[in-house]
Amino acid sequence: MEYYNYLKSLHLIFVITWFAGLFYIVRLFVYQIEAADKPSPEKEILQKQYKIMTYRLWYIITWPSAVLASIFAFWMLFFTDMGQAWLQMPWMHVKLGFVLALYLYHGKCQQIFNQLQNDQVNYSTNFMRLWNEGATIILFAVVFLVILKSAVNWIYGVAGIFAFSILIMLGFKFYKRIRERR
């Protein structure tokens with residue numbers, strides 16, 4: 001059992017750093033997109049710096065964390081008795097669905113990263129701010145699933161974060177209107 005707890009601890013550490021990387025990379029995407037609208041030489045200076053920052057975050061923190069979190073998760077699920085028991089639970093099936101969504105989210109971030117590294121701005125800063133909420137929603141769903149161990153009760157937590165996200169977006173729009181009037 002202690003062996004399992006070490007695996008779980010390592011898994012959790014790398015899940016945390018993976019999410020930290022996903023949260024921060026999208027903020028850096030916002031800054032890169034904003035830099036594209038700056039006049040020269042500020043534009044080139046900022047773009048160069050943000051490319052370095054996103055590259056280091058993506059390949060030194062985010063990708064390794066995703067890989068290590070996955071390795072420890074697979075190890076726990078498939079090579080321990082406790083993991084075999086969890087795989088029989090309905091809530092774990094729902095959680096694994098959200099983990100798949102997280103991999104898809106990560107893949108889309110990779111695509112956006114590649115575009116921005118090649119100076120292709122295909123998204124607005126508003127889209128990126130909304131996109132950043134995707135990882136938050138997945139995180140809330142997974143945490144509620146793991147803690148409540150219920151395939152249904154996690155919905156309340158996710159509904160709460162959706163409501164909170166809507167309030168944030170309304171506040172953002174209100175602030176934007178105030179800023180535009182000045």
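Here are a few exercises on this structure, each with a worked solution.

The model is predicted, so local features need pLDDT of at least 70 and side-chain atom pairs count only at pLDDT 80 or more, while totals for chains, interfaces and linings use all residues. Residues are numbered from 1 along each chain as its sequence is written, and side-chain values use heavy atoms, leaving out hydrogens and water.

**Exercise 1. Work out which elements make up the chain.**

Step 1: Count them, and you get six helices and zero strands. (Helices are DSSP runs of H or I with at least four residues, strands are runs of E with at least two, and both are numbered from the N terminus.)

Step 2: Read from the N terminus on, and the order is α-α-α-α-α-α.

Step 3: Get a feel for the dimensions: the C-alpha trace spans about 60 × 35 × 20 Å along its principal axes.

Step 4: Check burial. Of the 182 residues, 38% count as buried (buried is under 20% relative accessible area, exposed is over 50%, and partly exposed is in between, with a 1.4 Å probe and protein chains only).

**Exercise 2. Classify two of the aromatic pairs.**

Step 1: Know the rule. Rings of Phe, Tyr and Trp (its six-membered ring) pair if their centres lie within 6.5 Å; planes under 30 degrees apart are stacked, over 60 edge-to-face, and the rest tilted. The structure holds 16 such pairs.

Step 2: Take Phe 72 and Trp 75. Their ring centres are 6.2 Å apart and the planes sit at 10°, so this pair is stacked.

Step 3: Place them in the chain. They're three residues apart in helix H2 (residues 42-79), which means about one helical turn separates them. Phe 72 is buried, at 12% relative accessible area, whereas Trp 75 is partly exposed, at 33%.

Step 4: Now try Trp 86 and Trp 91. With 5.3 Å centre to centre and 70° between the planes, they're edge-to-face, and both are buried.

**Exercise 3. Find what lines the largest pocket.**

Step 1: Start with its volume, about 830 Å³. (On a 1 Å grid over the protein atoms alone, a pocket is an open set of points where a 1.4 Å probe fits, with protein on both sides within 12 Å along at least five of seven lines; lining residues have an atom within 4 Å of a point. Points are joined across faces, edges and corners, and the volume is the space filled by probe spheres set on them.)

Step 2: Look to the middle. Of the 33 lining residues, His 11, Val 15, Lys 95, Val 142 and Val 146 are the closest to the centre.

Step 3: Trace the lining to its helices. The largest share, ten residues, comes from H1.

Step 4: Sort by class: 27 nonpolar, three polar and three charged. (Ala, Val, Leu, Ile, Met, Phe, Trp, Tyr, Cys and Pro count as nonpolar, Asp, Glu, Lys and Arg as charged, and the others, Gly among them, as polar.)

**Exercise 4. Explore the largest nonpolar core.**

Step 1: It has 42 residues, and Leu 22 is one of those with the most contacts inside it. (A nonpolar core is a set of buried Ala, Val, Leu, Ile, Met, Phe, Trp, Tyr and Cys residues joined through side-chain atoms within 4.5 Å.)

Step 2: Ask who supplies the core. H1 gives the largest share, 13 residues.

Step 3: Zoom in on Leu 22. Not counting residues up to four places away in sequence, Leu 22 touches residues including Trp 58, Leu 102 and Tyr 105 (contact means heavy atoms within 4.5 Å).
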